[in-house]
Amino acid sequence: MRTDTPQAPQSGPPAAGGVIHDLGYRRYDGPRLGRSQIVAALAWHSFRSAFGFGRSARAKIIPVIVFVAICLPAAINAFAMSRGNAQLVFYDTYVPVLRDLVMTVFVAVQAPELVSRDLRSRVLPLYFSRPIKPGDYPLAKYLGFTAACLVILEVPLLFLWAGAAANVHGGAAVWAQTRALIPGLLVGLMWAVSLAAISLFLASLTGRRAFATGAVAITFLLTYTLAEILLQVETQSAINQGGVGPGGVPAATLAMKVSGLFSPFTLFNGVRLWLGGTNPGDNVAQPGAFGAVYALVLIVIVGLCLAGLAARYRKARLS
């Protein structure tokens, strides 16, 4: 009688083959977006980052303080007009000293957030591994930050218009407020386009956020102080020499007219006055025939900053 005995286990290497583990990954079969969608996504991300969205609550402190501070004059003006007082704040100037300070703080703190962090963490090769050109990344950053600056500059003007329009009577008065608003919005656009270009270029020079913030803030503050000192010195010199015009206002000299060429803020005011602005803004003499020079200098500065920003990222992409 035959009985089957258990066989001893075989020794040696296991049979060839492997085990497939299902980790849940699936192949993407959807549409592939191109360069324009990538630039739009980067610009939208930069816009959100400028206001601290998607980050901790601490990142939102400066944008909130800046926005509330720059909207306060509009609220005060609406309250004053509701009490029967005349309009206190104007669209094309909008409390120039406060706006200078607020925008300096905003661009000095938020511009490094958009550019310095990526430079320091060296993630640019990941961005450029996508189908974008070297100029697309700085372009997206610039568009996003310009839009953020527009929000800070233009929304208070809209609040100012709403408060003024609610306290005037008749369609003609509302239309007069609307006509005055349009030049103010254009001035705000000039500010946003220029400040975004200058601050992003300065912030891109270093990957350290503290250094970038200092570079932006010091540049704006020092140039504004220099322009004010030159203007005050020339104004006092004109008074001492008896060059006083009607109403006790010193006659504008050549040095007084060109003193505003040394700061972005005084350049803004000079261009505004050259284009027909009448409300007094920053303490700068009437540019007169030099108004075109103010506009040209501002255009050159913005162009150089944008070119420098593009060159900076071409270099960073290769490093």
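## Close-up views of a predicted all-helix model

**View 1. Arg209 has a relative accessible area of 34%, so it is classed as partly exposed.** The model shown in this and the following views is predicted. The side chain of Arg209 meets that of Glu113 in a salt bridge, with an N to O distance of 2.8 Å. Because Glu113 belongs to helix 3 and Arg209 to helix 7 (residues 209-240), this pair ties together parts that are 96 residues apart in sequence. Glu113, in contrast to its partner, is buried, its relative accessible area being 7%.

**View 2. Arg55, Glu113 and Arg209 form a network of salt bridges.** Besides its bridge to Arg209, Glu113 takes part in a salt bridge with the side chain of Arg55, where the N to O distance is 3.3 Å. Arg55 is placed in the loop between helix 1 (35-50) and helix 2 (61-82), while Glu113 is in helix 3 (residues 96-121), so the bridge ties together parts that lie 58 residues apart in sequence. With a relative accessibility of 22%, Arg55 counts as partly exposed, so the cut-off that matters here is the 20% below which a residue is called buried. Which residue of the network is buried, with a relative accessible area of 7%? That residue is Glu113, whereas Arg55 and Arg209 are each partly exposed.

**View 3. A salt bridge joins Arg272 to Asp92.** The side chains of these two residues meet at 3.0 Å, again taken from N to O. Since Arg272 is part of helix 9 and Asp92 is part of the loop between helix 2 and helix 3, the pair ties together parts separated by 180 residues in sequence. Are Arg272 and Asp92 buried or exposed? Both of them are buried. In the structure as a whole, the number of salt bridges is 3.

**View 4. Helix 9 (residues 264-274) is largely enclosed by the rest of the structure, because 10 of its 11 residues are buried.** The buried residues of this helix include Pro264, Thr266, Leu267, Asn269, Gly270, Val271 and Leu273, and Arg272, the partner of Asp92 in the preceding view, is buried as well. After helix 9 comes Gly276, a residue with a positive phi, near 115°.

**View 5. Aromatic rings pair at 11 places in the structure.** In one of these pairs, the ring centres of Phe47 and Phe51 are 5.3 Å apart and the ring planes stand at 70°, so the arrangement is edge-to-face. Phe47 counts as buried because its relative accessibility is 17%, and Phe51, at 12% relative accessibility, counts as buried too. In a second pair, formed by Phe265 and Phe268, the centres are 6.3 Å apart and the planes are at 80°, so this pair is also edge-to-face. Phe265 and Phe268 both belong to helix 9, where they are 3 residues apart, about one turn of the helix. In general, an α-helix has 3.6 residues a turn, so residues three or four places apart point the same way. Phe265 and Phe268 are both buried.

**View 6. Trp44, Phe47, Phe51, Phe53, Phe106 and Phe145 belong to a cluster linked by ring pairs.** The edge-to-face pair of Phe47 and Phe51 belongs here, with its plane angle of 70°.

**View 7. The charged end of Arg99 sits over the ring of Trp191.** The distance from this charged end to the centre of the ring is 4.6 Å.

**View 8. Cys71 and Cys149 are shown in a structure where a search finds 0 disulfides.** Cys71 counts as buried because its relative accessibility is 11%. Cys149 is likewise buried, with a relative accessible area of 0%.

**View 9. The protein as a whole has 10 helices and 0 strands.** Followed along the sequence, the elements give the pattern α-α-α-α-α-α-α-α-α-α. The protein comprises 319 residues, 40% of which count as buried. Its exposed area is about 18,000 Å², of which carbon and sulfur atoms supply 66%. When contacts between residues at least 6 apart in sequence are considered, 75% of them join residues at least 24 apart; the salt bridge between Arg272 and Asp92, which ties together parts 180 residues apart, illustrates a link between distant parts of the sequence.

Definitions and conventions:
Residues are numbered from 1 along each chain as its sequence is written. Side-chain values use heavy atoms; hydrogens and water are left out. Buried means under 20% relative accessible area, exposed over 50%, partly exposed in between (1.4 Å probe, protein chains only). Helices (H or I, at least four residues) and strands (E, at least two) are DSSP runs, numbered from the N terminus. A disulfide is a pair of cysteine sulfur atoms within 2.5 Å. A salt bridge is a side-chain nitrogen of Lys or Arg within 4 Å of a carboxyl oxygen of Asp or Glu. Contact means heavy atoms within 4.5 Å. Accessible areas come from the Shrake-Rupley method with a 1.4 Å probe; for residues, only the protein chains shown count as cover. Rings of Phe, Tyr and Trp (its six-membered ring) pair if their centres lie within 6.5 Å; planes under 30 degrees apart count as stacked, over 60 as edge-to-face and the rest as tilted. A charge sits over a ring if NZ of Lys or CZ of Arg is within 6 Å of the ring centre and within 35 degrees of the ring normal.
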